[in-house]
Amino acid sequence: MSIRVSIIIPIYNAASTLQAAVDSLLRQDLAEVEFLLVDDGSTDETPEVCHRLASQDSRVQVVTQKNAGICAARNRGLSVARGEYIAFCDDDDEFLPGALRLLYETAEREQADIVRGNYQLFREQPDGNFQEQRHAEGRYCRMWEDGYAAFLQNSGPQFVWNALYKRSVLQNRKFDERCRYGLEDFVFNAALYAGTDKAVYMPDAVYCHYERAQSTSLCQSSRALQGRIVALDLWMGAEYAAVQSRCSEKESRRLWPLRKAEAITFLMHQLRDARAPAALRRYAWKTLRGVLAAYPSRTLDFWQGTGQNKKKTAALLLYQLRMQRLYDLLTGEQRGK
């Protein structure tokens, strides 16, 4: 049987959430799919849950490995996936009803290598309940028609779990396993965009992402923050290559400062969320300034880079003035993206 879509689920100690994640996939109305549960050396009851799910549905397969991180788990899934297309699902998230069919049919109709959808974000509150975090949904966009800048603006943060990838375009591309604490999605996608403009964004929500109190998407420890600081160089390298590949010289001069602005505001949010000590903050900003200095267009026009986004305007202005620490006070938030 030919497989249309392989869905890779990297798993680590997810015994309490995995059932709901897999159930959301089993309810999808697209035939000829496979679900690859990649257990990354779990130490709780996750292995038992995985094998029970596999025994109940032949579409579910279990792959095991020693603990090596989410990038290694996704790469292991890629090495055994048989589908014409690849999708990813985290072990504590859910695909929305009809999502796989919508992504697949859009890819086939548009002859696209990558299809991105919108997503719903729910953040855990101190009382344990989840509150939806609204964000702009963007408009339908084809990169090859509307351009790279418009595609990025409309599709938002470049995660991998709200997208469908044609396996042939991956060309054995792997997740960079040096990204142990985040940014691996951004590096992966930017590297792909350097090689293809056959990408589509649709504003229909296809995925539900839960940002839990202990989620790896949050940066709440110095170790996690240091890992993301190290990955800044990988991210900016991939971003620069994509801009150079997808844009004319004139467009590149306009877009590249905006991608640098993304890195600046990202780091400000990470430092705030982690409540980073002064020494780590100094290290973070020294590292980022060094990374950005390696590329052309060293000055930042913060008005160009922000539009009507007041927080981003503040972040870039404070970066220019080397007064980044004030961002925590201006935003008045403990957590955010």
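Tutor: Helices (H or I, at least four residues) and strands (E, at least two) are DSSP runs, numbered from the N terminus. The model is predicted, so local features need pLDDT of at least 70 and side-chain atom pairs count only at pLDDT 80 or more, while totals for chains, interfaces and linings use all residues. Residues are numbered from 1 along each chain as its sequence is written, and side-chain values use heavy atoms, without hydrogens and water.

Student: How many helices and strands are there in the protein?

Tutor: The protein has 337 residues, of which 54% count as buried (under 20% relative accessible area with a 1.4 Å probe, protein chains only). Its elements are 13 helices and 10 strands.

Student: Is Y85 buried or exposed (over 50% relative accessible area)?

Tutor: Y85 lies in strand β4, residues 85-88. Contacts (heavy atoms within 4.5 Å) beyond four places in sequence include R4, Y104, A112 and L164. With a relative accessible area of 1%, Y85 is buried.

Student: How far apart in space are Y85 and D113, C-alpha to C-alpha?

Tutor: In sequence, 28 residues separate Y85 and D113. From C-alpha to C-alpha, the distance is 8.8 Å.

Student: Which residue has the backbone oxygen that the side chain of T17 reaches?

Tutor: T17 sits in the loop between β1 (5-11) and α1 (18-26), and at 17% relative accessibility it counts as buried. Setting aside neighbours within four places in sequence, T17 is in contact with D91, D92 and R212. The side chain of T17 makes a polar contact (N or O atoms within 3.5 Å, one able to donate a hydrogen and the other to accept it) at 3.0 Å, to the backbone oxygen of D91.

Student: Why is helix α6 largely enclosed by the rest of the structure?

Tutor: Helix α6 covers residues 148-155, and just after it G156 takes a positive phi of about 75°. The buried residues of α6 are Y148, A149, A150, F151, L152, N154 and S155. The helix is largely enclosed because its buried residues number seven of the eight.

Student: At what angle do helices α9 and α10 pack?

Tutor: The two helices, residues 222-246 and 249-274, have axes 10 Å apart. That pairing is roughly antiparallel (an angle over 145 degrees). By class, the contact has 14 nonpolar, three polar and seven charged residues. The angle between α9 and α10 is about 165°.

Technical notes
Axes are lines fitted to C-alpha atoms, for helices over the stretch in contact, and angles run from 0 to 180 degrees between N-to-C directions. Angles under 35 degrees count as roughly parallel, over 145 as roughly antiparallel, 65 to 115 as roughly perpendicular and the rest as oblique. Ala, Val, Leu, Ile, Met, Phe, Trp, Tyr, Cys and Pro count as nonpolar, Asp, Glu, Lys and Arg as charged, and the others, Gly among them, as polar.
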